[in-house]
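Visitor: I would like to understand how the labels attached to a protein model are earned. Could you take me through the reasoning behind them?

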Amino acid sequence: MSINIKEYRKTTGLSQTQFADHFGIPVSTLRKWEQGETKPAPYIIKMISMLLPVSKDITREIVTQNGTAYYYEESSGTLYDSVGNSIQIKCDIESVKPKNLPLYVSDLFESFYEIKEKFEQDCSWDKDEDIIWS
């Protein structure tokens, strides 16, 4: 493999702990992989790479002032965050002011993360409670 786990993690901008949590990998295992003490199975590297926005169709990188990177795939109208979450949009972003676009994309993903967390929380509560919503 030409790219190793550490390189993949660095492209996400995530810390070791954040990356490990996102992919369900023990931090100690990730550290061993990055330090070359052990190697992940090739299928693990492939699975992680498939979840990251490293598509050759990415036409634009959008970086916020704090360094958070997002990616735009023009052919599908899809925005990606650094760990592979995607949001399909239907508007043309090419004419959006370059200084404003990172703010808009960051706001979009922050809203996405909030609603995703609410959804996961609702599903968790649903498993524990005997409630039927109507």
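Guide: In this predicted model, the largest nonpolar core has 13 residues, and among those with the most contacts inside it are Ile5, Phe19, Phe23 and Leu30. Helix 1 (5-12), helix 2 (16-23), helix 3 (27-34) and helix 4 (42-50) each supply at least two residues of this core, with helix 2 giving the most, namely 3 residues.

Visitor: What is phenylalanine 19 in contact with, leaving aside its neighbours within four places in sequence?

Guide: Phenylalanine 19 is in contact with Ile5, Tyr8, Arg9, Thr12, Leu14, Ile25, Leu30 and Ile48. A second, separate core has 10 residues, including Tyr70 and Ile87.

Visitor: Why is the aromatic pair of tyrosine 70 and phenylalanine 109 called stacked?

Guide: The ring centres of tyrosine 70 and phenylalanine 109 are 5.1 Å apart, with 20° between the planes; a pair needs centres within 6.5 Å, and planes under 30 degrees apart count as stacked, so both conditions are met. This pair links tyrosine 70 in strand 2 with phenylalanine 109 in helix 5, 39 residues apart.

Visitor: What makes the pair of phenylalanine 109 and tyrosine 113 tilted?

Guide: Here the angle between the planes is 45°, which is neither under 30 degrees nor over 60, and therefore the pair counts as tilted.

Visitor: How do you know whether phenylalanine 109 is buried or exposed, and what about tyrosine 113?

Guide: Phenylalanine 109 has a relative accessible area of 0%, and buried means under 20%, so phenylalanine 109 is buried. Tyrosine 113 has 28% relative accessibility, which lies between 20% and 50%, and therefore tyrosine 113 counts as partly exposed.

Methods. Residues numbered from 1 in each chain as written. Predicted model: local features only at pLDDT ≥ 70, side-chain atom pairs only at ≥ 80, totals over all residues. Heavy atoms only, no water. Phe/Tyr/Trp six-rings, centres within 6.5 Å; stacked < 30°, edge-to-face > 60°. Helix = DSSP H or I, 4+ residues; strand = E, 2+ residues; numbered from the N terminus. Buried < 20%, exposed > 50% of the residue type's maximum accessible area, 1.4 Å probe, protein only. Core = buried A, V, L, I, M, F, W, Y, C linked by side-chain atoms within 4.5 Å. Contact = heavy atoms within 4.5 Å.
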